[in-house]
Amino acid sequence: MPASSPWLAAVLAALSAIGPFSIDTYLPAFPAIAASLSATQLEVQQTLTAYMATFAFMVLWHGALADRFGRRAVILVSMALFAAASLICAFAPSIEWLWIGRALQGLVGGAGVVVGRAIVRDIYDGPQAQRLMSRVMMIFAIAPAIAPMIGGVLLAIGGWRAIFVFLALFSIALAYLTWRFLPETLPVAARHPLHPVTLGRAYAKVFGSGAFLLVAGAVAFNFNGFFVYVVSAPTFLIGHLGLGPHQFAWLFVPAVLGMIAGSALSGRIAGHWSPRRTISVGFAIMIAAALCNVLVAALLTPGVPQSVLPIGLYTFGMSVAMPSLTLLALDRFPKRRGLASSCQSFLQVGVNSVTAGLLAPVLWYSPLTLAASMAGFVALGLFLFASWRRAQET
């Protein structure tokens, strides 16, 4: 498939979708898993923590491996291993085995998004890169909306184990799409060895870059403002809003529509607005959405649609800013884009893992605490971006 193929964005988005599918598809099944495996709700919640923790660790290495062995090989091997891990989850006889299967899924689940971002920068620069990144995000945004709905249908038809069989089949399909359609975008001459000293210096250079950390940190905290609702979805929707396990679309559809619209806008203004202007507008929208969310949670009775509409506005602003922020981070290291993408993903998933394992069980106490956390995370993201701008101007 040539770099200009209209299918390229679809394949890259499908590879990135393995992450939200791994999380969102099985969220409606939490009560069923707890009952089937005689586990507590907290023990089931830790299956998500097991996935996020190993995901965060391994994303540090996907990019380095892709810089050494090429983009296609890393994706193909990762998708095959993900299928095997999904089957372990599907046939888990106890909660401990489910923890193991989820941890193994996390080890390879980040390859698609990490390597996919590197492929975008392998092919394009400037506005073209922003447009492709926006198209990838626009298609990718569909995944969080349909994943919990697919999970609810599979839960009703075949029980919670059918969800993990579906994930195994999905990863096999992704391996085929990669083999059939995705080009190798890293020439052999441009690859880097995995020598420990050289690799250590490369990681130290990336993590030692203040500009990279500020921009990548802004991406991580912005996304975390939405992610806290993703991991709190069972409590937020069922406990606070009084919805059923098959009504997760009330949260994910507005959020995804916001992501699609924001990504589309980001693609249209690429080349017309500067990255700084694009990011600033995205932050303005996110801040307005977060403040509106706090007011709704404080003054109105929890319910739909009032409690979910500000989340859609937030993801709209997030998706306007994210492509430009992501490219700013990757452009710091043009010769090690795979490794830089890994480091960016590590920061984002690390923040998400802490949220999933430690913060969410505290923050989901009420709609107001969730809304306040969204406002707090976007404030941190804005502080980091403002610090980056000040550093660039001095």
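Contact, in these legends to a predicted model, means heavy atoms within 4.5 Å.

**Figure 1. Helix α18 and the helices around its buried residues.** Helix α18 comprises residues 367-393. With 27 residues at 1.5 Å a residue, α18 should span 39 Å, and its end C-alpha atoms are indeed 39 Å apart, so the two values agree. The buried residues of this helix are P367, L370, A371, S373, M374, F377, V378, G381, L384, F385, S387 and W388. They pack against α12 (210-231), α13 (233-240), α15 (275-299), α16 and α17. In an α-helix there are 3.6 residues a turn, so residues three or four places apart point the same way.

**Figure 2. The packing of helix α16 against helix α17.** A pair of packed helices is described by the angle between the axes and the distance between them. For α16 (residues 309-330) and α17 (residues 337-363), the angle is about 125 degrees and the axes lie 9 Å apart. This angle makes α16 oblique to α17. The crossing of α16 past α17 is right-handed. On the α16 side the contact is formed by T326, A329 and L330, and on the α17 side by R337, A340, S341 and Q344. By character, these residues are three nonpolar, three polar and one charged.

**Figure 3. The surroundings of G271 in a loop.** G271 lies in the loop that joins α14 (249-269) and α15. Its relative accessibility is 53%, and G271 therefore counts as exposed, the cut-off being over 50%. Leaving aside residues up to four places away in sequence, G271 touches P127 and R131. A64 is 207 residues from G271 along the chain, and the C-alpha atoms of these two residues are separated by 31 Å.

Technical notes. Residues numbered from 1 in each chain as written. Predicted model: local features only at pLDDT ≥ 70, side-chain atom pairs only at ≥ 80, totals over all residues. Heavy atoms only, no water. Axes fitted to C-alpha atoms, helices over the stretch in contact; angles between N-to-C directions. Helix = DSSP H or I, 4+ residues; strand = E, 2+ residues; numbered from the N terminus. Parallel < 35°, antiparallel > 145°, perpendicular 65-115°, else oblique. Left-handed = near helix turned anticlockwise from the far one by under 90°. Nonpolar A, V, L, I, M, F, W, Y, C, P; charged D, E, K, R; others polar. Expected span 1.5 Å × (residues − 1). Buried < 20%, exposed > 50% of the residue type's maximum accessible area, 1.4 Å probe, protein only.
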